[in-house]
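The exercises below are meant to be worked with the coordinates open, and each task is followed by a solution that goes step by step.

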Amino acid sequence: MSDSHPLRDSFALVGKSGDEVPRYFYSYLFLIAPEVRPMFPVAMGMQRDRLVAALGRIVADADDPEKLVPFVQQLGRDHRRYQVVAQHYEAVGQALLATLAYFLGEAWTPELQQGWTDAYTLVARTMVQAAEADSAVNPPWWNAEVVRHEQRGFDLAVITLRLEQPMAYAAGQSVMLEAPMLLPSVWRSFTPANASRTDGIIELHVRAIDGGLLSPALVYRLQHGDVLRLGAPVGNRLGLPVSEGRDLVLIAGGTGLAPLRALIEEIAWHGPQRRVDLFFGARDSHGLYDMPALTRAAQAHPWLRITPVSGADAGTFENRSLAGPVLRAAAWRERAFYICGSPAMVSATVRDLANAGIPHDLLHFEDVR
């Protein structure tokens, strides 16, 4: 994008109006294009946050096409699951320009309007092209039938799905999920707890989040035979390739176990084998919900060692770090570390591992900002 500074400056100025900006945008959009309202959830709070975050990233990376283009292309592919088509982008563009004009007032000059128009046109074209290319090889979503729903505690369930058609994914990748029979248009990200299988089976570990929409519905209301929708797999931060063949230390907090268990299965099936130590942390022993399966895996694979840590052994839950028991167990020279759990747990554990001298390029985790 040419001369992105006016875009950044004007976006920063608009951002001072806070939540009123996305509220105005969506009100305007639904007024001029009421047919798009069913594509969005009834509760719009998280959707408004996502709009601001996406616009902020686009503006911030406007001068870095190596970052911007893949992000925008993924946005285009992601919007296929909402049944967005090319014609919808015109209404979105109108709503965006109207929102900027309203909040900028006299600062909304013809030159600034042209700059935002050109920028949005480029972004929309890139999204449409990516969506069209993806439609040639992938469906907008994969249907997955619930074949087992196992309660593992009052707020946690292990859900087994069977895909109606094949979906290839790498261990550690995540998928967006919708339960249309429970909460239509509400999508949340989950990571399969198993490697990709030819029988189409996917296992999900779901904890009901206080105040959440979808996770409590999945834990308490989902039934055998229900059909969920899964978006295309995304992400590479927790994939095996980033470890470059090193021995591994896996650190899981709660249902953060899921992607790490998938990595273990991927190594067992496809190799290359290497030493793997998994530390599974929970507030109490009830939180160690998957120990029977982990114990069986360790018995079957001599290269795998499982260390459950709970209560005081798991460290101080005030700062959520699981680094303590890991660092006390061994020196771990040249190991690659994978950390997965709540944002607070990941941030604290990564911080403590880095402070202990673990090189940053050996610490692999999802972005928790």
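**Exercise 1. A cross-strand partner**

Which residue in β6 does E178 stand opposite?

Solution. The model is a predicted one, and the pairing is read from its backbone. Begin with the two strands concerned: β3 and β6 pair in the antiparallel sense, over two bridges. Within this pairing, the residue opposite E178 is R229 of β6. Next, turn to the other neighbour of β3 (residues 175-178), which is β4, joined to β3 by four bridges and again running antiparallel. There, E178 has W187 of β4 as its bridge partner.

**Exercise 2. The order of the sheet**

Determine the strand order of the open sheet of six strands, and state which strands form its edges.

Solution. Strands of a sheet pair through backbone hydrogen bonds, so the order can be traced from one pairing to the next. Starting from β4, the neighbour is β3, and β3 in turn pairs with β6. Strand β6 is then joined to β1 by four antiparallel bridges, among them the one between A144 and L228. From β1 the path leads to β2 over seven antiparallel bridges, including that of E150 with V158. The complete order is β4-β3-β6-β1-β2-β5, with antiparallel pairing. The edges are therefore β4 and β5 (201-207), since each of them pairs on one side only. From one strand to the next, the twist averages 40 degrees. A last detail concerns the hairpin of β1 and β2, where four residues lie between the strands and G153 adopts a positive phi near 125 degrees.

**Exercise 3. Two faces of a strand**

Which side chains of β6 (residues 227-230) are buried, and to which face do they point?

Solution. In a regular strand the side chains alternate between the two faces of the sheet. In β6, L228 and L230 point to one face and are buried, whereas V227 and R229 point to the other face and are not buried. Burial here requires a relative accessible area under 20%.

**Exercise 4. The span of a helix**

Compare the end-to-end reach of helix α6 (residues 110-135) with its expected span, and list residues of α6 that are buried.

Solution. Helix α6 has 26 residues, for which 38 Å is expected at 1.5 Å a residue. From the first C-alpha to the last, α6 reaches 37 Å, which is close to that expectation. The buried residues of α6 include L112, W116, A119, Y120, V123 and M127.

**Exercise 5. A cavity and a pocket**

What lines the largest cavity, and what lines the second largest pocket?

Solution. Take the cavity to begin with: a search of the whole structure finds one of 30 Å³ or more, and the volume of the largest cavity is about 80 Å³. Of the 10 residues lining the largest cavity, P41, Q47, R50, S185 and R188 are the closest to its centre. Helix α3 (45-60) and strand β4 (187-190) each give two or more residues to this lining, with α3 giving the most, three residues. By class, the cavity lining divides into six nonpolar, two polar and two charged residues.

Now turn to the second largest pocket, which holds about 440 Å³ of space. Its lining has 22 residues, of which R197, R261, E265, A293 and R296 are the closest to the centre. Helix α9 (291-300) is one of the elements that supply at least two lining residues, and α9 gives the most, with six. The classes in the pocket lining are 11 nonpolar, two polar and nine charged residues.

Definitions and conventions:
Residues numbered from 1 in each chain as written. Predicted model: local features only at pLDDT ≥ 70, side-chain atom pairs only at ≥ 80, totals over all residues. Heavy atoms only, no water. 1 Å grid on protein atoms, 1.4 Å probe; cavity = no way out; pocket = protein on both sides within 12 Å on 5 of 7 lines; lining within 4 Å. Points joined across faces, edges and corners; volume = space filled by probe spheres on them. Nonpolar A, V, L, I, M, F, W, Y, C, P; charged D, E, K, R; others polar. Axes fitted to C-alpha atoms, helices over the stretch in contact; angles between N-to-C directions. Expected span 1.5 Å × (residues − 1). Buried < 20%, exposed > 50% of the residue type's maximum accessible area, 1.4 Å probe, protein only.
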